[in-house]
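Visitor: Please give me a close account of one open space in this model, what borders it and how the residues there are classed. After that, please continue to other parts of the fold, so that I can follow them on the display.

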Amino acid sequence: MTKNLLRINMSDQTYQYEDLPPEWAKWGGRGLTSAIIADEVEPTCHPLGPNNKFVIAPGWVSGTPAAPSSGRTSFGGKSPLTGTIKESNSGGLSSQKIAKLGLKAIILEGTPPQDTWYTLVITKDGVSFDSAEGLLGKGMYEVDDLLWQKHPNQPAVIGIGPVGENKLSNAGVSVNDPENKPGRYAGRGGLGAVLGARGVKAIVIDDTGGPGVEIADQDLFKQGRTKLRDAIMEHDLTKPEGGLNSYGTNVLMNIINEAGGLPTRNFSAGQFEGAAGISGEMIAEMVEKRGGEGMTGHACHPGCIIQCSNIYPDEEGEAIVSVVEYETAWALGANCGIDDLDYVAEMTYQCNDLGLDTIEAGNTIAVAMEGGAIEFGDKEGALGVFDEIREMTPLGRIYGQGVEATAKAYGVHRVPTVKGQSMPAYEPRAIKGIGVTYATSTMGADHTAGYTIAPEIAGVGGKVDPLSNEGKADLSLTFQAATAFIDSTGYCLFIAFPILDIETGWAGMAESVAGVTGQDITGEDVIELGKEILRMEREFNRKAGFTSADDRPPEFMRYEELPPHNEVWSVSDEALDQVYAWVDGS
């Protein structure tokens, strides 16, 4: 058996290669990070203490030749934001390079002496522990530049900004993109603080001379890869010049606004009058008008064929930031009452540099606005929040801890969180299925945990009424299970659109995984394998003290009517408990 697990002990700066044990060998990506955390981390440990671990795992198919859009990396640990098990994943360069080194997972454990910081350099020859003293306090744009100057072969750079160094709960994990910009983030859950607690500022991955990925059945792999690629190239949302390629994820801004489900001014309304000004269509218009470095149809990692990223330019055509996602434009825009894309882009740059999740950051600013610290729509005031964080003032540290800490500081009761993590850009009172996902996800409010927006809004996989309560528990569970599987593959979650509508794409996804791993996996096994992952995660949370009482939306949504539909949250607690009854035994 190949020694494909790299275990790094930060307490004494040693490392060893191990065989992946049989109970973990079937997994990749999220399945593997969750299995390791479930087995090796005490659920009641403090997330920033010595007994938590930081796990990195490429997906099953990452690093293989020509697997379409297969560059996602899973990062796992116990979350300092939620206290739950957490997997957050990112595009960028890391997944394929780790896989090409022959590694299935990297485990960082232990803690070095206080105020001792390292840059880990991982190559085919092992690990070096370089001092990170010269990088401390620097933002990720400068860190990425310095590390590419120092290390040849354009390595992947995984790192944390000042927010992660200070171990704040909204610290994300940055991964550089093909242009060596830090715009790809495993943002949610505060895992950047877990990496900071290990004394690691950055990890450099150089795959030069690596053994590559063994493929158990080349013919089956090629067959599956072709089916999946054809489905992606055919579907209206993922094909060249389709919705995502033309307008990015922000193609959703006007659509969700029209549906009355765009959270506005701290979740007080479902429509924003300035939505068109921060939409994907407006980004495309500004890119065309300003030219220069701006572009749509940008790839976040090598081999991506959907290419939904963008580079947003200033008036002179120089890049401000990549990428302005839908979630980002909403959080820093509509939810704060801001309709100026240039300010949204500048705030996105600040998040990328400091190491902040844009969703939690935007929601934090909106809560501060609700509390009277800043006026809704005050774009200069919103931008000033990042000065507080960069300077690590007492107020900046509160902002860096996220929504719930900020709400307590300002005495705000409209707090849009579940299990401590703030909600993304879909209002659960107007789109009930995604609300069920928010409430019951093993990782706090998270749209990517079970993206029922596909049928509820886009009509993918069949059309479902977003305002109806009927069948939403089963719908959410099915999507949560399918997502857990996709998160284990290394494929981008956006393959969900074509594979839900094109049967051969679903089969191709499973066949490509079976071809690489040698496991007997077909499309019929996807949901059950996903549920195995969910069971591990749910059991970890149960041992950490979570119960069904934590699977609830915020109280204000039960009695505050949301314009324009004037809906309240009306899915029963009994329906929410149904989602995980198969695990809980009820």
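**The second largest pocket and beyond**

Guide: The second largest pocket has a volume of about 570 Å³. The model in which this pocket was computed is a predicted one. Its lining is made up of 24 residues, and those that lie nearest the centre of the pocket are T2, N4, K104, E214 and V516. By class, the lining of the second largest pocket divides into 12 nonpolar, nine polar and three charged residues.

An enclosed space may be set beside this open one. When the whole structure is searched for cavities of 30 Å³ or more, one is found. The volume of the largest cavity is about 40 Å³. Its lining consists of N170, L356, A361, T364, I365, V385, F386, I389 and Y399. Two elements, α13 (358-370) and α14 (379-390), each give two or more residues to that lining. Seven of the lining residues of the largest cavity are nonpolar and two are polar, with no charged residue present. The loop between α13 and α14 holds G372. This glycine is exposed, with a relative accessible area of 56%. G372 is 121 residues from L493 in sequence, and their C-alpha atoms are 38 Å apart in space.

A second glycine, G459, occupies a place in the loop between α18 and α19. The relative accessible area of G459 is 28%, and the residue is therefore classed as partly exposed, since that class covers values between 20% and 50%. G459 is separated from D501 by 42 residues in sequence and by 9.5 Å in space, C-alpha to C-alpha.

The helices α18 and α19 also belong to the surroundings of α17. Helix α17 (residues 432-440) is mostly covered, with nine of its nine residues buried. These buried residues are K432, G433, I434, G435, V436, T437, Y438, A439 and T440. Among the elements that cover them are β16 (417-418), α18 (453-456), α19 (472-489), α22 (526-543) and α24 (573-579).

Burial also marks strand β5. All six residues of β5 (residues 85-90) are buried, so this strand is largely enclosed by the rest of the structure. The cover extends to both faces: I85, E87 and N89 are buried on one side, and K86, S88 and S90 are buried on the other. Strand β4 (residues 73-78) runs antiparallel to β5 and is joined to it by six bridges. Within this pair, K78 is placed opposite I85 of β5. The hairpin of β4 and β5 has six residues between its strands, and G83 there adopts a positive phi near 80 degrees.

Strand β7 offers another case of a covered strand. Of the six residues of β7 (residues 118-123), five are buried. Strand β7 pairs with β8 (residues 126-131) in the antiparallel sense over six bridges. Two residues lie between β7 and β8 in the hairpin they form. One bridge of this pair has I122 with V127 of β8 as its partner. Strand β7 also pairs with β12 (residues 200-205), here in the parallel sense and over five bridges. In that pairing I122 stands opposite I205 of β12. Residue I122 thus provides a reference point for two pairings, with V127 in β8 and with I205 in β12.

The last region to examine is a separate part of the chain. An open sheet is formed there by three strands in the order β13-β14-β15, with antiparallel pairing. Its edge strands, β13 (295-298) and β15 (319-321), each pair on one side only. On average, neighbouring strands of this sheet are turned by 35 degrees against each other, direction ignored. Two bridges support the antiparallel pairing of β14 (residues 309-313) with β15, and Y312 has V321 of β15 as its bridge partner. Helix α10 (residues 280-290) lies across β13 and β14, and its angle to β14 is about 55 degrees.

Terms used
Residues numbered from 1 in each chain as written. Predicted model: local features only at pLDDT ≥ 70, side-chain atom pairs only at ≥ 80, totals over all residues. Heavy atoms only, no water. 1 Å grid on protein atoms, 1.4 Å probe; cavity = no way out; pocket = protein on both sides within 12 Å on 5 of 7 lines; lining within 4 Å. Points joined across faces, edges and corners; volume = space filled by probe spheres on them. Helix = DSSP H or I, 4+ residues; strand = E, 2+ residues; numbered from the N terminus. Nonpolar A, V, L, I, M, F, W, Y, C, P; charged D, E, K, R; others polar. Buried < 20%, exposed > 50% of the residue type's maximum accessible area, 1.4 Å probe, protein only. Pairing = 2+ DSSP bridges. Axes fitted to C-alpha atoms, helices over the stretch in contact; angles between N-to-C directions. Contact = heavy atoms within 4.5 Å.
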